[in-house]
Amino acid sequence: MYEAVRSRRAVRGFTDRQVPREVLERVLSAAAWSPSGSNLQPWRIYVLTGGPLVELKKRAGKRVAARDPWDERQYEMYPPNLKSPYRERRSAFGQERYSALGITHEDWEARQRAAAANWDCFGAPAALFCYIDRDMGRPQWADLGMYLQTVMLLLRAEGLHSCPQMAWSVYRKTVAEIVSPPDELILFCGMSIGFEDVTEKYVRTGRAPLAETVTFVEG
Ligand SMILES: Cc1cc2nc3c(=O)[nH]c(=O)nc-3n(C[C@H](O)[C@H](O)[C@H](O)COP(=O)(O)O)c2cc1C
């Protein structure tokens with residue numbers, strides 16, 4: 001369990017080795033045991049592999065190339081004017097992410113190119129798309145997080161890696177063309193799934209010291 005938690009990271013380079021359908025079914029069947037308030041199980045998942053995923057990547061890639069405006073948002077990814085310490089953590093992440101690729105902060109074009117890999121699922125042969133009913137509130141969105149983390153840890157147990165991607169929400173209409181979700185659903189995020197391309201460079205993201213995020217109140 002500790003090994004799954006420690007070895008999970010947002011992997012941004014996958015090989016084209018296929019992920020068997022039965023593995024995905026095993027992972028998603030087990031992840032269904034994730035907790036949720038009053039057992040609402042508010043996650044609605046679409047799994048894409050093969051032709052449909054190729055088609056999605058092709059359509060999204062065309063939008064990227066055409067510099068097509070992003071679809072209007074259904075939720076805000078981050079609060080406006082992130083305050084401390086979140087602002088610093090976000091810029092530290094950007095630094096780590098792009099320095100691993102040898103990209104400087106000033107090189108906007110290169111950063112855009114690296115970000116565009118999101119819409120190719122970083123080469124992954126499988127992806128899931130996580131939707132939630134628009135009537136659901138913050139507690140149910142938190143349930144999605146627990147569910148998705150469970151999926152990511154189970155993928156580690158299968159030797160697979162993943163990258164959760166809010167980036168897909170900006171091209172949600174293109175995703176909808178492929179998966180045809182009912183109108184009442186909002187796309188929270190995608191998740192690329194596959195075997196890690198170990199040649200892809202990365203810097204392991206850091207974490208705040210425990211005392212910054214945890215307070216023990218002891219008797
Ligand atoms: C809900 C969610 C959405 C994310 N969206 C993206 C994304 O669109 N693109 C991306 O490259 N990484 C994305 N990430 C990955 C985070 O950047 C990553 O989890 C964080 O920097 C910590 O690094 P680690 O997961 O490698 O430990 C997302 C993570 C979460 C939990």
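**Exercise 1. Locate N81 and characterise its backbone and exposure.**

Solution. N81 lies in the loop that joins α3 and α4. The model treated here is a predicted one. Phi of N81 is near 50°, a positive value in a residue other than glycine. Most residues other than glycine have a negative phi. With a relative accessibility of 75%, N81 lies over the 50% cut-off, so N81 counts as exposed.

**Exercise 2. State which peptide bond, from S84 to P85, is cis or trans, and place P85 in the chain.**

Solution. The bond from S84 to P85 is cis, and its omega is near 5°. Most peptide bonds are trans. P85 belongs to the loop between α3 (50-65) and α4 (86-100).

**Exercise 3. Determine the sign of phi at S38 and decide whether S38 is buried or exposed.**

Solution. Begin with the position: S38 sits in the loop between α2 (21-31) and β1 (44-49). Phi of S38 is near 55°, which is a positive value in a residue other than glycine. The relative accessibility of S38 is 73%, and S38 therefore counts as exposed.

**Exercise 4. Describe the surroundings of the ligand, beginning with the residues of its shell.**

Solution. The ligand has 16 residues around it, of which A10, R12, M166, A167 and R207 come nearest. By class, the shell divides into eight nonpolar, three polar and five charged residues. Strand β3 (residues 161-165) supplies the largest share of the shell, three residues.

Next, consider the polar atoms. A nitrogen atom of the ligand is 2.9 Å from an N or O atom in the side chain of N118. An oxygen atom of the ligand is 2.9 Å from a polar backbone atom of A167. For R207, an N or O atom of the side chain is 2.8 Å from an oxygen atom of the ligand. The ligand on its own has 620 Å² of accessible area, and the protein covers 75% of this.

**Exercise 5. Establish whether N118 is buried or exposed, and list its contacts beyond neighbours within four places in sequence.**

Solution. N118 is in the loop between α5 (108-116) and β2 (126-133). Its relative accessible area is 13%, under the 20% limit, so N118 is buried. Apart from neighbours within four places in sequence, N118 is in contact with Q165, A167 and W168. A167 also belongs to the residues that come nearest to the ligand.

**Exercise 6. Carry out the corresponding analysis for V170, and give its distance from Y147.**

Solution. V170 is located in the loop between β3 and α7 (172-179). The relative accessible area of V170 is 5%, so V170 is buried. Leaving aside neighbours within four places in sequence, the contacts of V170 are R63, W70, D71, M77 and W119. V170 and Y147 are 23 residues apart in sequence, and their C-alpha atoms are 22 Å apart in space.

**Exercise 7. Assess the overall fold and compactness of the chain.**

Solution. The chain contains eight helices and four strands, in the order α-α-β-α-α-α-β-α-β-α-β-α along the sequence. Its radius of gyration is 18 Å, close to the 17 Å that the globule rule gives for 219 residues, so the chain is as compact as a globular protein of that length. Along the principal axes, the C-alpha atoms fill a box of roughly 60 × 45 × 35 Å.

Burial and contacts complete the account. Of the 219 residues, 38% count as buried. Among contacts with a separation of 6 or more, 86% come from residues 24 or more positions apart. The chain exposes about 13200 Å², and carbon and sulfur atoms supply 54% of that area.

Note on methods:
Residues are numbered from 1 along each chain as its sequence is written. This is a predicted model: local features need pLDDT of at least 70, side-chain atom pairs count only at pLDDT 80 or more; totals for chains, interfaces and linings use all residues. Side-chain values use heavy atoms; hydrogens and water are left out. A residue is near a molecule or strand if one of its heavy atoms lies within 4 Å of it. A polar contact is a pair of N or O atoms within 3.5 Å; within protein, one must be able to donate a hydrogen and the other to accept it, and residues adjacent in sequence count only if both atoms are side-chain atoms. Accessible areas come from the Shrake-Rupley method with a 1.4 Å probe; for residues, only the protein chains shown count as cover. Helices (H or I, at least four residues) and strands (E, at least two) are DSSP runs, numbered from the N terminus. Ala, Val, Leu, Ile, Met, Phe, Trp, Tyr, Cys and Pro count as nonpolar, Asp, Glu, Lys and Arg as charged, and the others, Gly among them, as polar. The radius of gyration is taken over C-alpha atoms; the globule rule is 2.2 Å times the number of residues to the power 0.38. Buried means under 20% relative accessible area, exposed over 50%, partly exposed in between (1.4 Å probe, protein chains only). Contact means heavy atoms within 4.5 Å.
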